[in-house]
Amino acid sequence: MPLDLMGLLFFAYRDFVHEADALLSRQGFGRAHHRVLYFVNLRPGMTVADLLDLLKITKQSLARVLRQLIDNGYIEQKMGQKDRRKRLLFPTAKGAEFFTALSANQSQRMREALDKLPPETKETVARFFVEMIDPEDHSKLKNLNIIQN
């Protein structure tokens, strides 16, 4: 077993989320709120059904988190113009600003780590993460413009 890599992934993730967790906690939020904010900011106008599919959580779990984000002014929900049964999610200005604050340290941490490696390494690191993701989710990565091919 690659216990050394598993340990490295654990510590990297712990440090990657540390500052964002502290910002979330001050708002009474957790990592589930961060994930919702991430995807809604990445793809404004996504449907609740698409978000459920991406997060692989129950409607009940999403409903609680989404309600808190909507009630606190971070996300707004609109009916679809073509299909009024669809609920479309958009970040508010407050939600976009909070997402930027949550992502700032994480982006900096990634940039600094990649800057210490040879330039071609970024593609290898990205490929490593893609290979860790279930193959049936690769099309979702493409639809979100996270990967190109």
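**Notebook: L69, the core, α3 and the big pocket**

I started at L69: skipping residues up to four places away in sequence, L69 touches F29, H33, V36, L37, Y74 and I75 (contact is heavy atoms within 4.5 Å). Note to self: this is a predicted model, where local features need pLDDT of at least 70, side-chain atom pairs count only at 80 or more, and totals for chains, interfaces and linings use all residues. Numbering runs from 1 along each chain as its sequence is written, and side-chain values use heavy atoms, with hydrogens and water left out.

Next I looked up the largest nonpolar core (buried Ala, Val, Leu, Ile, Met, Phe, Trp, Tyr and Cys joined through side-chain atoms within 4.5 Å; buried is under 20% relative accessible area, 1.4 Å probe, protein chains only). The core has 23 residues, and V36, L51, L62, L69, I75 and F98 touch the most other members. At least two residues each come from α1, α2, α3, α4 (59-71) and α5 (helices are DSSP runs of H or I, at least four residues; strands are E, at least two; both numbered from the N terminus).

Then α3. I found V48, L51, L52 and L55 buried there. They line one face of the helix, because they fall within an arc of 100° seen down its axis (directions from the axis to the C-beta atoms). They pack against α2, β1 (46-47), α4, β2 (75-79) and β3 (87-91). K56 follows α3 with a positive phi, near 55°.

Notes: Buried < 20%, exposed > 50% of the residue type's maximum accessible area, 1.4 Å probe, protein only.
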